[in-house]
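The exercises below each set a task and then work through a solution step by step. Keep the sequence and the coordinates at hand while following them.

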Amino acid sequence: MSITSRTEPPSLADSRSLKNAAGQDGDRTLVFDDATLANHLFGPQNANLRLVAERSGTAIGSRGLTVSIEGDAVAAALAGNLLTQLYTLLKAGHPLHPRDIEYAFGMLERDADVDLAKIFREAVFVVSPRRTISPKTLSQRDYVAALREADMTFAVGPAGTGKTYLAVAVALSLLLAKRVKRIILTRPAVEAGERLGFLPGDLAQKINPYLRPLYDALHDMLDFERVTEMLETGVIEVAPLAFMRGRTLNDSFIILDEAQNTTPEQMKMFLTRMGFGSKTAITGDTTQIDLPENGKAAPRSGLVQALSVLRGVEGIRMLRFDESDVIRHPLVGRVVKAYDQYENTD
């Protein structure tokens with residue numbers, strides 16, 4: 001098997017769990033010491049090895065507990081580094097899924113000195129009795145740290161990078177640890193091609209479709225009965241941005257989703273709702289602004305303005321994600337990258 005691709009220069013991690021030898025052209029041999037773990041690493045019918053070969057542009061074969069890697073020095077070292085670290089994770093009890101290999105390869109491709117254990121194992125945190133979450137990229141790990149440490153965090157990037165999902169996860173973990181008393185999830189009720197007045201039903205029914213992604217994140221982490229109870233008692237509140245006006249929110253974790261669709265006035269209103277003992281997360285994608293045009297004037301985004309106005313303000317963290325942080329289907333990242341390249345050539 002031999003599939004060509006380009007990689008950045010990596011370094012080969014050491015491991016006590018296997019032996020490693022390098023040939024003249026960068027070819028490498030890895031010898032593992034546990035048949036069960038090695039089979040898990042290789043995947044069904046060597047599916048994981050084929051994935052690593054495809055991503056690294058090497059030829060990888062296996063015989064028993066031995067893996068041979070053929071290719072140029074850069075690609076072979078990257079593949080060897082990846083397999084070595086993944087095997088170490090397996091020995092530590094961390095399960096391995098095909099998408100973990102994709103994420104790990106991307107991280108090592110950008111930074112050969114990354115310790116995957118710190119990303120996949122040490123960064124794991126318990127959200128609830130039902131769910132344990134682990135950041136999948138370096139940017140996500142930094143984001144989780146910012147959400148825990150800073151009072152206000154901005155996260156900007158394409159869909160699928162975990163901006164909202166991780167914010168909800170951290171909020172739930174802090175709520176269950178009694179570090180905050182409630183969670184407030186909000187987003188502007190603005191979408192391309194639709195307005196509230198044209199949707200059927202009363203106000204609650206009109207608003208609900210816009211808030212559905214927030215409910216989805218909650219139900220993914222807690223069972224239905226627990227979410228329903230928290231919503232009914234006000235421990236968790238999901239509401240459109242307009243409902244935030246005039247309030248002061250103490251001891252709360254407040255998440256503003258789809259912030260690119262706020263006006264500057266709405267953004268200022270939201271940011272000044274924050275009370276004592278509270279944390280705020282603002283997430284959005286500045287390439288997906290759906291604000292209605294005002295005559296011929298281009299729509300103004302409160303998120304774009306806030307990123308400029310608040311840059312460097314103490315207590316505020318700003319993080320940016322790109323297509324390499326997308327954790328949905330791998331094709332999503334390639335779609336995002338293609339659109340970015342297209343827009344940058346206009």
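**Exercise 1. Describe how β8 and β9 are joined, and place the two strands in their sheet.**

Solution. The model is a predicted one, and the work begins with the pairing itself: β8 and β9 run parallel and are joined by five bridges. Across this pairing, Ile184 stands opposite Glu237, a residue of β9. The next step widens the view to the open sheet, whose six strands follow the order β9-β8-β10-β11-β7-β12 with parallel pairing. Its edges are β9 and β12 (316-320), each of which pairs on one side only. From one strand to the next, the twist averages 15°.

Two helices can then be placed against this sheet. Helix α7 packs on the sheet and touches β7 (152-156), β8, β9, β10 and β11 (279-284), its direction making about 170° with that of β10. Helix α11 (residues 302-309) also packs on the sheet, where α11 touches β7, β11 and β12, and its direction makes about 120° with that of β7.

**Exercise 2. Compare the expected span of helix α7 with the distance between its ends, and determine how far the helix is enclosed.**

Solution. Helix α7 covers residues 163-176, and at 1.5 Å a residue its 14 residues should span 20 Å. The end C-alpha atoms of α7 are 20 Å apart, so the expectation and the model agree. For the second part, residues under 20% relative accessible area are taken as buried. By that criterion 12 of the 14 residues of α7 are buried, and the helix is therefore largely enclosed by the rest of the structure. Among the buried residues are Lys163, Thr164 and Ser173, together with Leu166, Val168 and Leu175. Just after the helix, Lys178 takes a positive phi of about 65°.

**Exercise 3. Which side chains does the salt bridge at 2.3 Å bring together, and where do they lie?**

Solution. A search of the whole structure finds seven salt bridges, and the one in question is formed by the side chains of Arg55 and Glu102, at 2.3 Å from N to O. Arg55 belongs to helix α2 and Glu102 to helix α4 (residues 98-110), so that the pair, 47 residues apart, links distant parts of the chain. Arg55 is partly exposed at a relative accessible area of 26%, and Glu102, at 22%, also counts as partly exposed.

**Exercise 4. Work out the setting of the salt bridge between Glu258 and Arg187.**

Solution. The side chains of Glu258 and Arg187 meet at 3.2 Å, N to O. Because Glu258 lies in the loop between β10 (252-256) and α10 (264-271), while Arg187 lies in strand β8 (residues 182-187), the pair ties together parts that are 71 residues apart in sequence. Accessibility separates the partners, since Glu258 is partly exposed at 24%, whereas Arg187 is buried at 4%.

**Exercise 5. Is Asn48 buried or exposed, and what surrounds it?**

Solution. Asn48 lies in helix α2 (residues 47-56). Its relative accessible area is 9%, so Asn48 is buried. The side chain of Asn48 reaches the backbone oxygen of Leu41 at 3.0 Å. Leaving aside neighbours within four places in sequence, the residues in contact with Asn48 include His40, Phe42 and Gly43, as well as Leu96, Pro98 and Ile101.

Methods: Residues are numbered from 1 along each chain as its sequence is written. This is a predicted model: local features need pLDDT of at least 70, side-chain atom pairs count only at pLDDT 80 or more; totals for chains, interfaces and linings use all residues. Side-chain values use heavy atoms; hydrogens and water are left out. Helices (H or I, at least four residues) and strands (E, at least two) are DSSP runs, numbered from the N terminus. Buried means under 20% relative accessible area, exposed over 50%, partly exposed in between (1.4 Å probe, protein chains only). A polar contact is a pair of N or O atoms within 3.5 Å; within protein, one must be able to donate a hydrogen and the other to accept it, and residues adjacent in sequence count only if both atoms are side-chain atoms. Contact means heavy atoms within 4.5 Å. A salt bridge is a side-chain nitrogen of Lys or Arg within 4 Å of a carboxyl oxygen of Asp or Glu. The expected span of a helix is 1.5 Å times one less than its number of residues. Two strands pair if DSSP finds at least two bridges between them. Axes are lines fitted to C-alpha atoms, for helices over the stretch in contact, and angles run from 0 to 180 degrees between N-to-C directions.
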